[in-house]
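Trainee: Please pick one part of this model and take me through it closely, then place it in the rest of the chain.

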Amino acid sequence: MSFEFTKDELERLDDLRNKVDDDRALVLPALWILQRRQGFISSEDILYLEKTLGIRAIFFAEVMGFYSMFNESAKGKYELKFCKTITCKLRGSDEVIKAAEDLLGIKMGETTSDGLFSIGESECLGYCEKAPCMLCNLDQIGDLTKESITELIDRLRRENASR
Ligand code: FES
């Protein structure tokens with residue numbers, strides 16, 4: 001089924017449109033609605049945004065290309081996005097990522113067959129003082145070690161097994 005804004009979502013976007021001089025101010029809020037609701041934004045969704053909001057598709061595509069939190073396809077229930085920028089790299093992100101890949105049996109960009117985990121990478125998360133760090137969905141997690149990533153993955157697996 002293709003995405004459609006609810007009446008309430010359209011009203012909120014219209015309210016915003018009335019407060020700004022440039023309709024492009026709606027691009028980020030509109031993308032967030034899609035990302036939060038379905039976990040990704042496909043090229044079909046971008047065409048829907050263009051048609052519905054009257055904002056050229058290229059503006060949505062550019063913003064999606066810049067921010068790593070917007071996905072172009074469905075991801076696992078837990079999306080682990082590891083910072084690959086220099087501070088995190090110098091503080092051991094490669095080792096943490098390798099541990100996550102080994103534990104999950106997948107590589108960067110892949111999703112586990114049970115649909116529980118995806119792993120990906122991100123540019124600097126603005127959390128360098130806690131490097132190496134990552135996002136677990138939208139939660140920032142810092143001071144990562146092989147032990148802490150193992151603990152996190154084990155805990156999330158246990159929580160899902162007991163449901
Ligand atoms: S370099 Fe990783 S959060 Fe800044």
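**Strand β1 and its surroundings**

Mentor: Happy to, and let's begin with strand β1, which is covered on both faces: Tyr 78, Leu 80 and Phe 82 are buried on one side, and Glu 79, Lys 81 and Cys 83 are buried on the other. Buried here means under 20% relative accessible area, exposed means over 50%, and partly exposed lies in between, with a 1.4 Å probe and protein chains only. The model is predicted, so local features need pLDDT of at least 70 and side-chain atom pairs count only at pLDDT 80 or more, whereas totals for chains, interfaces and linings use all residues. Residues are numbered from 1 along each chain as its sequence is written, and side-chain values use heavy atoms, with hydrogens and water left out.

The split between the two sides fits a general pattern. In a regular strand the side chains alternate between the two faces of the sheet. Counted as a whole, six of the six residues of β1 are buried.

Now for the neighbours of β1. Strand β2 (residues 117-122) pairs with β1 (residues 78-83) in the parallel sense, over six bridges; two strands pair if DSSP finds at least two bridges between them. If you look at the partners, Glu 79 stands opposite Ser 118 in β2, and Cys 83 has Ser 122 of β2 as its bridge partner. β2 is mostly covered too, with five of its six residues buried. Strand β3 (residues 134-136) also pairs with β1, in the antiparallel sense and over three bridges. There, Phe 82 of β1 has Met 134 of β3 as its bridge partner.

Step back, and you can see where these strands sit in the chain. The protein chain holds seven helices and four strands; both are DSSP runs numbered from the N terminus, H or I of at least four residues for helices and E of at least two for strands. Along the sequence they follow the pattern α-α-α-α-β-α-α-β-β-β-α. The C-alpha trace spans about 50 × 35 × 20 Å along its principal axes, and 39% of the 163 residues count as buried.

From the covered strands, let's turn to charged side chains on the helices. Helix α7 (residues 146-161) gives the most to a patch of negative charge, with three residues. The patch gathers Glu 95, Glu 147, Glu 151 and Asp 154 on the surface; its members have over 30% relative accessible area and no salt bridge, and like charges are joined within 9 Å. Glu 147 lies in α7 and counts as exposed because its relative accessibility is 54%. Arg 158 is found in α7 as well, and at 54% relative accessibility Arg 158 also counts as exposed. For a sense of distance, the C-alpha atoms of Arg 158 and Leu 31 are separated by 32 Å, with their positions 127 residues apart along the chain.

At the other end of the sequence, helix α1 (residues 7-19) gives you a pair of opposite charges to look at. Lys 7 and Glu 11 both lie in α1, four residues apart, about one turn of the helix. They form a salt bridge, with the closest N and O atoms 3.2 Å apart; the term means a side-chain nitrogen of Lys or Arg within 4 Å of a carboxyl oxygen of Asp or Glu. Lys 7 counts as exposed because its relative accessibility is 66%, while Glu 11, at 40%, is partly exposed.

The structure holds 13 salt bridges, and a few more are worth a look. Arg 17 and Asp 23 meet in one of them, at 2.9 Å from N to O. Arg 17 is partly exposed, with a relative accessible area of 21%, and Asp 23, at 31%, is partly exposed too. Asp 22 forms a salt bridge with Arg 24, the closest N and O atoms being 2.7 Å apart. Both of these side chains come from partly exposed residues: Asp 22 has a relative accessible area of 33%, and Arg 24 has 44%. Through shared partners, salt bridges also join Asp 14, Arg 17 and Asp 23 into one network.

Methods: Patches are made of residues with over 30% relative accessible area and no salt bridge: like charges are joined within 9 Å, nonpolar side chains (Val, Leu, Ile, Met, Phe, Trp, Tyr) within 5 Å. Accessible areas come from the Shrake-Rupley method with a 1.4 Å probe; for residues, only the protein chains shown count as cover. Lys and Arg count as positive and Asp and Glu as negative; His and the chain ends are not counted. The place of a charge is taken as NZ of Lys, CZ of Arg, CG of Asp or CD of Glu.
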